[in-house]
Amino acid sequence: MGEATETFYSVIRRQGITRRNFLKFCSLTAASLGLSPLAANDIAIALETKPRVPVIWMHGLECTCCSESFIRSAHPLVKDAVLSMISLDYDDTIMAAAGHQAEAILTETRAKYKDRYVLAIEGNPPLNEDGMFCIDGGKPFVEKLRSMAEDSMTIIAWGSCASWGCVQAARPNPTQAMPIDKVITNKPIIKVPGCPPIAEVMTAIVTFITTFGKLPELDRQGRPKMFYSQRIHDKCYRRSHFDAGQFVEEWDDESARKGYCLYKMGCKGPTTYNACSAVRWNGGVSFPIQSGHGCFGCSEDGFWDKGSFYDRLTTIKQFGIEANADQIGRAAAGAVGLAVAAHAAVTAAKRLTRKREGVVQEKRSKVQS
Amino acid sequence: MRVQTPNGFTTDNSGKRIVVDPLTRIEGHLRVEVNLDADNVICNAVSSGTMWRGIETILRGRDPRDAWAFTERICGVCTGTHALTSVRAVENALGITIPENANSIRNIMQLCLQVHDHLVHFYHLHALDWVDVFSALKADPKATSRLAQSVSPWPRSSPGYFKDLQIRLTKFFDSGQLGPFKNAYWGHPAYKLSPEANLMAVTHYSEALDFQKEIVKIHAVYGGKNPHPNWLVGGVPCAINVDGNGAIGAINMERLNLVSSIIDRSIEFVEQVYLPDIELIGSFYRGWLYGCGLSGRSVMSYGDVPENANDYSTKSLRVPRGVILNGNLREVLPVDHGDPDQIQEFVAHSWYKYPDEFRGLHPWDGITEPNFELGANFKGTRTDIKELDEGGKYSWIKAPRWRGNAVEVGPLARYIIGYAQDKAEFKEPAERLLKALKLPVTALFSTLGRTAARALECQWAAHQMRHFQDKLVAHIKAGDTATADVSKWNPESWPMEAKGYGFTEAPRGALGHWIKIKDRKIDNYQCVVPTTWNGSPRDPKGNIGAFEASLIGTPMADPGKPLEILRTIHSFDPCLACSTH
Amino acid sequence: MSGKTAQVLNVLSSVGVAGKDRSADRDVVYVYEMPVRVWHWVNAAAIMVLAITGCFIGTAVPTMPGEASDNFFFGYIRFAHFSAGYVLAVGFLLRIYCAMMGNPHAKQIFYVPIWRRCFWDELWQTIRWYALLAVRSDKCAGHNPAAQLMMFSMFTLTTAFMIVTGFALYAQGSGQESWQFGLFGWIFGVLPNSQDVHTLHHLGLWVIVTFVLIHVYAAIREDIMSRRSISAIISGERDLRD
Ligand code: HEM
Ligand code: HEM
Ligand code: NFV
Ligand code: SF4
Ligand code: SF4
Ligand code: F3S
Ligand SMILES: [Mg+2]
């Protein structure tokens, strides 16, 4: 086993894949990324000249669902990604080594690939209890995160946990779980939110970096524009029913069977940036709305704390009250309305008595004169 | 110090201490420490769950109808099973019933999870404890092909097929970038397979990786996506419309066909790849029957997969239900989730606080209050632990007990109970496999038995999927398309106070959720999870849990390389996110 | 009145729309210049449309029959909301222009002179008047201090907020390359989950509704109690004879 790092191209050529098939792969990749055919050439050049990029995949507080999603990738197949496109040198969920043999890989990667490895984080570090709500190798996970981040080239924040905090950071966030960008502030962080994100979105982002050798263009919130610049609602196939005013009113009603819009069932498609309605899930089989449940905004910041998933108007939880905008508004307007009515009544009453007094006074003055 | 535990094990923490942390190829964060005697035999074991998120705390004050989504995020590996348990708990509390079709669809989803999870666990989390990838490079592809064809009719067993993979693997190893295979235990004396068997297994590792993503498309059809499909209190969210106006937006013929074809392919894969592999690999490890632990004494299953909607009686449940204590296979005891004396959790050795640490609490009255403090004899510092002190608190996992007994849960427990109840569909396949391996029944109580039971169950579950899919179609044919009961959807229709529980048999074992509802909000929510049972730390009386018990007595070939520890712990398919939640 | 506004008024009065400034002749004050009055009613109309359509957007309509392609009901409701939103926004800009160019009364809704002692004195007076403690309020040509405070906080600020959040929400549909996103997308930096923007925008509706309630009541009451005509906002003149 030599030290030589090998290029993606040489790996697949030696696997008996022809150059023609290789180029075909490149143009397919370009197409699946929504790039122009010209980009296929760039991909080919990149793959021919670069060694596989080391990827260190670490887990904080999480549910491993992001890993589970990743291995569902159909294009590329995850085995092709792991065997030929990247070098997944550390991932506690699938790696063969354990204990100090596993730990040793981290030290080695830091030294050998300084500023050249991608750090992929699933889950997030808790800060409460000195970080000991997530212990890894006897130490707080956050320490491991900080040290591996220091020498990384870039960080991928997988899923809503790493991007926003997700379920463990939902109120009252007992462990003080923090999104990655609250802990690592001096490295580029690519947020790939979703609980979990779509498999092909995950692999596309990794292969984008390895093939183009640059980071994808990010939006204001640090998400790759290519997958997160439009809402579920913008590409939802039930949108025509929304515009028409055709809604599911109750689970399993006529409208549900006809596939009408789920707005009234609390669908958060109108406020959720993700690729589900376009890319879909599990090789394009479906996505939440297609199977009858509204989107509950699993790729959005703090989506757990916006009230019930089934409410169209989400709850406001402030100053000890918990209600939606209409409840609060109606209460306020109602109170003011009552006050106005009362005020009007008192005014009228006062006016009447004053008038009467006025009349009496007038009479008196007449008498006097 | 030698200690006799009340549940019949001898521990001795005087010898050399070995720490494995992180214990990889599992879900979540687990630490295992063992003591070795002079012959490198494990004589004490300490397992510690090293993560906690507080989902139970987070659930308080929320809408019970949302709870499934929160609890589903307890784990993405056994995705969906917590959600199902949760909707059952809420329905139980509020007296909500579900339509027959919803029951069938839920069962199909739960069984689909079993098939997927077991397959991925064996090939991608467990296999490398038995299979030496490096040795596969030395195999003869022709001989591998002959071997494969001798155990299975699987069509992809040509010499070229195995050769392709071998070439790919060779180049991969040659590149020097070993990825997930780096720093592993290749060449370890505890590996027993021939190079050909290794090559066959590695090839199927890769094939199973491709195939597993197909299985979960069933979740995508009925639940919109996988991982983390969608569920609904009162039924399922997907409506059925096979030939009406707008059928294209519902469960229609095309969707049913898709599910049906995946079920067929799953049965085929499990029967022609997974089971033959288990049998072949098992034959090399017939002599390695360590890891019995609690399995030979106390096991438990709640039962699951109700044949009839809303009927959770033992008769309706297709998965066996009951408890076996002290190895008495002649008596299967009944479980009652509502009995305050049966299921209780203790925290004397867990990082939580109870008013009285010597008493257990039934989940309805459960308390989850973190309290991170280390025992007096731990080594290291508070934030750099070198060795835990099992005499004090040492894990984020609570210690659940059934009538005070530590029990093992999971596929093996289910098969043992099914066996004890003389259920042919569990007993016969187990006996057939044992016979093929020329092993006695007692061989079931082992690491190997756990791994084999999982494979048998995978096959069982795949066939059950077929059963419920056919049932669903039959109902639709009879004109029943109902999938949800919304009569108690509106919280206004609920009582001001209610409590309930829901249970399932998750891939890793018995799973229960207990809920208390007050003023239409969750007042208390407690989960007692399979890996909470198996990964349990000691209880106040000193009973050790299943992980710990299973390691004791196992010899290690090379104490610097913990392969045997990994092998036995992995046979439980630990899920730490689940265990602590 | 500034030169420019006078010019506009002259043009308008020549086509018979605007009233003439007769305040010099009688004991009246010309308070609301014509553009302000026109704006008032256009604005009021826009807000009516926005409030009603906004409520529909919030809770949706009962399901329409027929094929989706045959209906565009919810689409029209939203369209009406967005059109009225544009009217409101453009009107608001014009109103700011009027404030810069018009008479001192035209500026009142854009500030609260908290730095002036007499503002506080008068506010106290007015509060007593509304609390039915004082017999009569001081005569105010424009808004009394309480009205000014309310106009500024509940109307001007809220309207500005509704415009900003409204266009930010609009930008979600028009896309990240739209000018709406360019101008108002920063909102999502402050509130990353746009569901919050919806909620606050929705809450704004109720602030405006509450304002209108108080405002209309106060206007009518004032009209009766102080003999100041509602016509002030119709003719522009306020009768100060007593
Ligand atoms: C959506 C409904 C309405 C809104 C948002 C609204 C808003 C306003 C605003 C902002 C002003 C201040 C004008 C300025 O100085 O620029 C004003 C003045 C006025 N409005 Fe309205 N208005 C509404 C409806 C009405 C109605 C229905 C009436 C009649 C009953 C009315 C009567 C008046 C009067 C009399 C004034 C002058 C008040 C004073 O001088 O203090 N408004 N309104
Ligand atoms: C007084 C002013 C306004 C009121 C009372 C108002 C009211 C509302 C209400 C109640 C909603 C429903 C919010 C929800 O529950 O999600 C809404 C949505 C919306 N409003 Fe306004 N609005 C006002 C001004 C504007 C303006 C100036 C715009 C800019 C064009 C605007 C654009 C929108 C948009 C884009 C939506 C979301 C529509 C959708 O999700 O389909 N609004 N508005
Ligand atoms: N333990 C556990 Fe689970 C399972 N199976 C849940 O109930 O894995 Ni994540
Ligand atoms: S983002 Fe969601 S799916 Fe991913 S690890 Fe976190 S909880 Fe699990
Ligand atoms: S189902 Fe949801 S995302 Fe689709 S159109 Fe309706 S509201 Fe929008
Ligand atoms: S809930 Fe999540 S999976 Fe997609 S449709 Fe909504 S973002
Ligand atoms: Mg619990």
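**Notebook: ligand shells, cores and one buried glutamine**

I began with ligand 3 and found one of its nitrogen atoms 2.9 Å from a polar backbone atom of B:Arg508. I note at once that the model is predicted.

**Entry 1: ligand 3**

I looked up the other polar contacts of this ligand. A nitrogen atom of ligand 3 lies 3.4 Å from a polar backbone atom of B:Pro507. On the side-chain part, I recorded B:His82, with a polar atom 3.1 Å from an oxygen atom of ligand 3. Two elements of chain B, α3 (81–94) and α14 (530–534), each give two or more residues to the shell around ligand 3.

I then listed the surroundings. There are 13 residues around ligand 3, and those that come nearest are B:Cys75, B:Cys78, B:Thr531, B:Cys575 and B:Cys578. I sorted the shell by kind and obtained nine nonpolar residues, three polar and one charged.

**Entry 2: ligand 5**

I turned next to chain A. The residues that surround ligand 5 include A:Cys236, A:Cys261 and A:Cys267. Also among them are A:His233, A:Arg238, A:Arg239, A:Phe242 and A:Tyr263. I counted this shell by kind as well: eight residues are nonpolar, two are polar and two are charged.

**Entry 3: nonpolar cores**

I asked which residues have the most contacts inside the largest nonpolar core. They are A:Met58, A:Trp304, B:Tyr222 and B:Ile565, in a core of 249 residues. From chain A, this core draws at least three residues from each of domain 2 (53–226) and domain 3 (232–312). I noted a second, separate core of 25 residues, which includes C:Met150, C:Met151, C:Ile163 and C:Phe188.

I followed B:Tyr222 further. Leaving aside residues up to four places away in sequence, B:Tyr222 touches A:Ser291 in chain A. Its contacts in chain B, counted in the same way, include B:Ile105, B:Ile108, B:Met109, B:Cys238, B:Gln469 and B:Leu472.

**Entry 4: B:Gln212**

I located B:Gln212 in helix α8 (residues 195–215) of chain B. Is B:Gln212 buried or exposed? I entered B:Gln212 as buried because its relative accessibility is 0%, and buried means under 20%.

I looked up what B:Gln212 touches beyond residues up to four places away in sequence, and found A:Ile71, A:Arg72, B:His116 and B:Val120. Toward A:Ile71 there is also a polar contact: the side chain of B:Gln212 reaches the backbone oxygen of A:Ile71 at 2.7 Å. Finally, I compared positions along the chain. B:Gln212 and B:Ser446 are 234 residues apart, and their C-alpha atoms are separated by 27 Å.

Methods:
Residues are numbered from 1 along each chain as its sequence is written. Chains are lettered from A and ligands numbered from 1 in the order in which they are written. This is a predicted model: local features need pLDDT of at least 70, side-chain atom pairs count only at pLDDT 80 or more; totals for chains, interfaces and linings use all residues. Side-chain values use heavy atoms; hydrogens and water are left out. A nonpolar core is a set of buried Ala, Val, Leu, Ile, Met, Phe, Trp, Tyr and Cys residues joined through side-chain atoms within 4.5 Å. Buried means under 20% relative accessible area, exposed over 50%, partly exposed in between (1.4 Å probe, protein chains only). Domain bounds come from an automatic or database domain assignment. Contact means heavy atoms within 4.5 Å. A residue is near a molecule or strand if one of its heavy atoms lies within 4 Å of it. A polar contact is a pair of N or O atoms within 3.5 Å; within protein, one must be able to donate a hydrogen and the other to accept it, and residues adjacent in sequence count only if both atoms are side-chain atoms. Helices (H or I, at least four residues) and strands (E, at least two) are DSSP runs, numbered from the N terminus. Ala, Val, Leu, Ile, Met, Phe, Trp, Tyr, Cys and Pro count as nonpolar, Asp, Glu, Lys and Arg as charged, and the others, Gly among them, as polar.
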